[in-house]
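Open the model in your viewer and keep the selection panel at hand. The stops below say what to select next and what is there.

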Amino acid sequence: MRSDPSGPWPVPAGGGEPILPHGGEPSDATDPALETVRPGQPTPGRTGRVGPGADEGLADPDGAGRRQRHEVWMRRALEVAVTGPDSTGDGDADDIPVGAVLYGPDGTELAIGRNERELTGDPTGHAEVLALRRAAQRLGRWRLDGCTLVVTLEPCTMCAGALVLARVGTVVFGAWEPKTGAAGSLWDVLRDRRLNHRPEVYGGVLETESAALLRAFFR
């Protein structure tokens, strides 16, 4: 299950998973019952529980914590944001430095992307969209089930929609984006129960480093 089963929820007779509210669906920021959750806060995986978030140190069987793995991947995304997709530093200086990396279910790096709107004149040239396109081309399919997209800035509505449509399993992002963010700031497209797919979302991973990169760009 995606969320920690602890909490004040009834357990079926004979044991098993607790019975969740809303017909067994995880709660999200679009749920009126969660009006006390402030904008930009990690969406509760279940009613009354804040998380999952960047501070959740769940251990994997190999001994590496989920948080530690996400931080390693985020540092790679920050590298892409600075150097560009070819690691030469040739990314357009006018493009906002946002980097994205898509990892396969086994942790293999499949594709990277850096904002290229100014470089290519493409309004859809966001880091996340470019990483999705390149990974789909490499794999020869549009479905990216079980993959993890790591990006240095909270996805916008366009990118969040693309992540849902691509069936990406997990989204990890760095800095929150209060103006356009669609993973908890303005909207929560990624965890809207009305959609047919909802990735796991971890926000605020290396938030300080990601925000510092953006502040330096706009200075």
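Select F218 to begin. This is a predicted model, and in it F218 counts as exposed because its relative accessibility is 56%, where exposed means over 50%. Now add F217, which is partly exposed with a relative accessible area of 28%.

Next, look at aromatic rings. The structure holds three aromatic pairs. Select W73 and Y103: their ring centres are 4.2 Å apart and their planes stand at 15°, so this pair is stacked. W73 lies in helix α1 (residues 66-83) and Y103 in strand β1, so that the pair links distant parts of the chain, 30 residues apart. Both W73 and Y103 are buried. Return to F217 and F218 for another pair: here the centres are 4.9 Å apart and the planes are at 85°, so the pair is edge-to-face.

Keep W73 in view and add R69. The charged end of R69 sits over the ring of W73, 5.4 Å from the ring centre.

Move on to helix α3, residues 127-139. With 13 residues at 1.5 Å a residue, α3 should span 18 Å, and its end C-alpha atoms are indeed 18 Å apart. Which residues of α3 are buried? They are A127, E128, V129, L130, A131, L132, A135 and A136. To see what covers them, show the surrounding elements, including β1 (99-103), β2 (109-114), β3 (148-153) and α4 (157-165).

Finish just after α3 by selecting G140, which takes a positive phi of about 75°.

Methods:
Residues numbered from 1 in each chain as written. Predicted model: local features only at pLDDT ≥ 70, side-chain atom pairs only at ≥ 80, totals over all residues. Heavy atoms only, no water. Helix = DSSP H or I, 4+ residues; strand = E, 2+ residues; numbered from the N terminus. Expected span 1.5 Å × (residues − 1). Buried < 20%, exposed > 50% of the residue type's maximum accessible area, 1.4 Å probe, protein only. Contact = heavy atoms within 4.5 Å. Phe/Tyr/Trp six-rings, centres within 6.5 Å; stacked < 30°, edge-to-face > 60°. Lys NZ or Arg CZ within 6 Å of the ring centre and 35° of its normal.
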